[in-house]
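Student: I'm new to this structure and I don't want a quick tour. Please pick one pocket, take a close look at it with me, and then work outwards from there.

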Amino acid sequence: MPSLTRDQIVAEAFNLLEAEGLEGLSMRRLAARLKVQAPALYWHVNDKAEVLGMMAADIYAAAYSRTGPAQDWREWLRQFGRALHLSLTSHRDGARLCAIGRPPSPTDAIAQAGRIAAPLTALGLNDQQALAHQAAVISFTLGWTTFEANGPMRDFLRQMMDFDATFSTGLDSLVKGLPDK
């Protein structure tokens, strides 16, 4: 039997998420879908929290890859917010997953911060501004997407508003109000 890869584990975890939702995603079910015993899965990942963190990392990576070059940092943040919204809504329970997914190792935090800030520092913000502004956009987008995913409330509110247009209005307002320096 060939060894499992990170990509295989994450891909099958997303398949399980789509089929069963976040509540149905368990290590035992994931192992069964990968056709291995649960203990074999633990050779590759420490626990469910690590799997959720890897899945969240993939959702964020997809958003970053969809964010193209920009003329200024506000344009980049708007693009990123829209790309993150698309990435989150592309997966059942995507926002909830990202809200609880464990971040990478704390020993990697400084390097990760530099990578996260880089697109905005290239457009004139300092590291702290870049991180704070992205955190604001991420928080807004996670909250909005969680709000939007609430079935009964969403159905009720769709009678009153266009969710996509309202998301864009909120995102644009947030980004416009962020300080330059």
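Tutor: Let's start with the word itself: a pocket here is an open set of grid points where a 1.4 Å probe fits, with protein on both sides within 12 Å along at least five of seven lines. Keep in mind that what you're looking at is a predicted model.

The one I've picked is the second largest pocket, which holds about 240 Å³ of space. Its lining is made of 14 residues, and those closest to the pocket's centre are Asp93, Gly94, Thr145, Glu148 and Ala149. Three elements each give two or more residues to that lining: helix H5 (73-89), helix H6 (94-100) and helix H8 (127-149). H8 supplies the largest share, with four residues.

Let's stop at Asp93, one of the residues closest to the pocket's centre. You'll find aspartate 93 in the loop between H5 and H6. Its phi is near 60 degrees, a positive value in a residue that isn't glycine. That deserves a second glance because most residues other than glycine have a negative phi. Is aspartate 93 buried, partly exposed or exposed? Its relative accessibility is 22%, and buried means under 20%, so aspartate 93 counts as partly exposed. If we ignore the neighbours within four places in sequence, aspartate 93 is in contact with Leu17, Gly21, Leu22 and Glu23. For a sense of distance, take glycine 170, which is 77 residues from aspartate 93 along the chain: their C-alpha atoms are separated by 21 Å.

Lysine 35 makes a nice companion to Asp93. Here too phi is near 60 degrees, again a positive value in a residue other than glycine. Lysine 35 also lies in a loop, this one between helix H2 (27-33) and helix H3 (38-41). Its relative accessible area is 70%, and that's why lysine 35 counts as exposed.

Back to the helices of the pocket. Helix H5 is where histidine 85 sits. With a relative accessible area of 9%, histidine 85 is buried. Look at what it touches, leaving out residues up to four places away in sequence: Thr141, Trp144, Thr145, Glu148, Asp164 and Phe167. Two names in that list, Thr145 and Glu148, also came up among the residues closest to the pocket's centre.

Two others, Trp144 and Phe167, lead us to the aromatic rings. Ring pairs join Phe140, Trp144, Phe147, Phe163 and Phe167 into a cluster. Searching the whole structure turns up nine aromatic pairs. Phe163 has a further partner: arginine 158 lies over the face of its ring, 5.1 Å from the ring centre.

Now follow H8, where you'll also find histidine 133. Histidine 133 is buried, at a relative accessible area of 5%. Setting aside its neighbours within four places in sequence, histidine 133 is in contact with Trp73, Leu77, Leu125, Leu178 and Pro179. Leucine 77 in turn has contacts with Leu120, His133, Gln134, Val137, Val175 and Leu178, with the same four-place neighbours left out.

Leu77 opens the door to the largest nonpolar core. That core has 50 residues, and the ones that touch the most other members are Ile9, Leu30, Leu41, Val51, Met55, Leu77 and Leu97. Helix H4 (residues 48-66) contributes the most to this core, with eight residues. As a general point, nonpolar side chains in soluble globular proteins tend to be buried together.

For contrast, try glycine 177, in helix H10 (residues 163-177). With 60% relative accessibility, glycine 177 counts as exposed. Compare its place with that of alanine 11: the two are 166 residues apart in sequence and 38 Å apart in space, going from C-alpha to C-alpha.

Let's step back to the whole chain. How many helices and strands are there? The chain has ten helices and zero strands. Its C-alpha atoms fill a box of roughly 55 × 45 × 25 Å along the principal axes. The chain has 181 residues, and 38% of them count as buried. Finally, take the contacts between residues at least 6 apart in sequence: 66% of these join residues at least 24 apart.

Methods. Residues are numbered from 1 along each chain as its sequence is written. This is a predicted model: local features need pLDDT of at least 70, side-chain atom pairs count only at pLDDT 80 or more; totals for chains, interfaces and linings use all residues. Side-chain values use heavy atoms; hydrogens and water are left out. A nonpolar core is a set of buried Ala, Val, Leu, Ile, Met, Phe, Trp, Tyr and Cys residues joined through side-chain atoms within 4.5 Å. Buried means under 20% relative accessible area, exposed over 50%, partly exposed in between (1.4 Å probe, protein chains only). Contact means heavy atoms within 4.5 Å. Rings of Phe, Tyr and Trp (its six-membered ring) pair if their centres lie within 6.5 Å; planes under 30 degrees apart count as stacked, over 60 as edge-to-face and the rest as tilted. A charge sits over a ring if NZ of Lys or CZ of Arg is within 6 Å of the ring centre and within 35 degrees of the ring normal. On a 1 Å grid over the protein atoms alone, a cavity is a set of points where a 1.4 Å probe fits but cannot get out, and a pocket is an open set with protein on both sides within 12 Å along at least five of seven lines; lining residues have an atom within 4 Å of a point. Grid points are joined across faces, edges and corners, and a volume is the space filled by probe spheres set on the points.
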